[in-house]
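Open the model in a viewer and keep the selection panel at hand. The tour below goes from one selection to the next and says what is found at each stop.

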Amino acid sequence: MNSGTRSLRGGVRVAVLALLWGSTFLWIELALRGLSPLQVTFVRCLLGALVLTVACYASGRRMPRGRTVWRHIVVAAFFCNALPFALFSLGQQTVDSGLAGVLNATTPLWSIALGLALGSERGLRPVRLTGLLLGFAGTILILAPWQSAGATGWGALAILGAAASYAVAFTYMGRTLVRRGTPTISLSAAQLVAASGLTAVALPVGGLESIDPGPAVVVAALVLSVFCTAITFHLTYRIINDEGATNAAVVGYLLPVVSVLLGAVVLGEGLSVRVVLGMAVVLVGVGMTRRKDATATAPARTGEAATAGSPASAEETPAKDAPGTDLPSGPASGLPSDLPPTRRPELERAG
């Protein structure tokens, strides 16, 4: 396959992934019209786990074994799936889907802040520190705490909590699950199975309300579970495997744009000038925090290019397990673009 064709395929994958991830918040918004936040979370985890488990065994893989790895999977499932999925659903009861996507874009900022707190992020360059401060300044501009009433409130704080939870998850997974020899498809399936169990335990607290399973709600729940959770995860690691983590990071910048556009076009959501400005400031800040990637990953490009045309699938590359499923997802939110910068060179070498 020539470089032009490979580049075109990579671009299509990035576009599809950005559309799926960016639409996550739209489908959550629609699913909440007939389901409670915990019900949305449980259905998303359960159906996503079913899809990935079938894919796992259909590909000839099997679930991970051993108490240690499952203990790490359960912790990762809590911070990367069960908790952020629930917080997104709770937050979107009062926050528009477009704004939810914008707030989710703060995950890389939380990752760096966590790295500074743990001491794993050393020698932060002035441009990246400025980007970190600028990103959080944009978040404050969006939240507008000086206003007594607004469209954000506790819902926005819940979504910020979900973004921070992703950062915790990526750090933990990078230290315990990456490069341990377990296929990606096995880890991802196991993680959603664990998340389903964790969410099921919480259902009696706020998930036993009556439901209104209208056609729109059912379709939204299915799309959210199958496409925005399970399939999105697989596409993420295909991109990392074939084009490298840097190209996959482009999705992190496209996601809030997609969520805002879909919210405005499909749901008729409006955005104030202040929120639009805050979104721009956040994205500029995130971009500045990633300035070191070009030099840090340069030595890895040779190896990456050598494996770009390899027939090996993402499931055969054990180093691709860190971001989990959401990213979306939350989406997922949880995304290669949201990995702490210290993990990126290692992922590119593995890709």
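Start by selecting L8. This residue is exposed, because its relative accessible area is 58%, and the cut-off for exposed is over 50%. The model is a predicted one. L8 belongs to helix α1, which covers residues 3-31. Now add V12 and V16 to the selection: together with L8 they make up a nonpolar surface patch, with about 260 Å² of accessible area together.

Next, show the whole chain as a cartoon. The protein chain has 14 helices and zero strands. Read from the N terminus on, the order of elements is α-α-α-α-α-α-α-α-α-α-α-α-α-α. Colour by accessibility if the viewer allows it: 56% of the 351 residues of the protein chain count as buried.

**Aromatic pairs**

Turn to the rings. How many aromatic pairs does the structure hold? There are four aromatic pairs. Select F78 and F79 for one of them: the ring centres lie 4.9 Å apart and the planes stand at 85°, so this pair is edge-to-face. The cut-off behind that label is an angle over 60 degrees. F78 is partly exposed, at a relative accessible area of 35%. F79 is partly exposed as well, with a value of 28%.

Move on to W110 and F136. Here the centres of the rings are 5.0 Å apart and the planes are at 70°, so this pair too is edge-to-face. The pair links distant parts of the chain, with W110 in helix α5 (residues 107-118) and F136 in helix α6 (residues 126-143), 26 residues apart. W110 counts as partly exposed, at 28% relative accessibility.

Then select F25, F88 and Y166, which form one aromatic cluster. Keep Y166 in view for a later stop.

Another ring to pick is that of F85. What lies over the face of F85? The residue there is R44, at 3.7 Å from the ring centre.

**Cysteines**

Select C45 and then C80. C45 is buried, with a relative accessible area of 0%. C80 is also buried, and its relative accessible area is 0%. A disulfide is a covalent bond between the sulfur atoms of two cysteines. How many disulfides does the structure hold? The count is zero disulfides.

**Residues far apart along the chain**

The last stops are residue pairs to be selected with their C-alpha atoms shown.

Begin with N81, in helix α3 (residues 67-91). Is N81 buried or exposed? N81 counts as buried, because its relative accessibility is 0% and the cut-off is under 20%. Bring Y166 back into the selection: the C-alpha atoms of N81 and Y166 are separated by 8.3 Å, while the two residues are 85 residues apart along the chain. Y166 is the residue already met in the aromatic cluster with F25 and F88.

Go next to T176, in helix α7, which covers residues 153-176. At 15% relative accessibility, T176 counts as buried. Add H72 and draw a distance between the C-alpha atoms: T176 and H72 are separated by 6.6 Å there, and they are 104 residues apart along the chain.

Finish at T106. Where is T106 found? Its place is the loop between α4 (97-104) and α5. T106 is buried, with a relative accessible area of 1%. Add G138 as the partner: the C-alpha atoms of T106 and G138 are separated by 9.6 Å, and the two are 32 residues apart along the chain. With T106 still selected, W110 in helix α5 and F136 in helix α6 can be shown again, as the pair that links distant parts of the chain.

Methods. Residues numbered from 1 in each chain as written. Predicted model: local features only at pLDDT ≥ 70, side-chain atom pairs only at ≥ 80, totals over all residues. Heavy atoms only, no water. Phe/Tyr/Trp six-rings, centres within 6.5 Å; stacked < 30°, edge-to-face > 60°. Buried < 20%, exposed > 50% of the residue type's maximum accessible area, 1.4 Å probe, protein only. Helix = DSSP H or I, 4+ residues; strand = E, 2+ residues; numbered from the N terminus. Lys NZ or Arg CZ within 6 Å of the ring centre and 35° of its normal. Disulfide = S-S within 2.5 Å. Patch = residues over 30% accessible without salt bridge, like charges linked within 9 Å, V, L, I, M, F, W, Y side chains within 5 Å. Areas by Shrake-Rupley, 256 points an atom, 1.4 Å probe, with all protein chains shown as cover. Salt bridge = Lys/Arg side-chain N within 4 Å of Asp/Glu carboxyl O.
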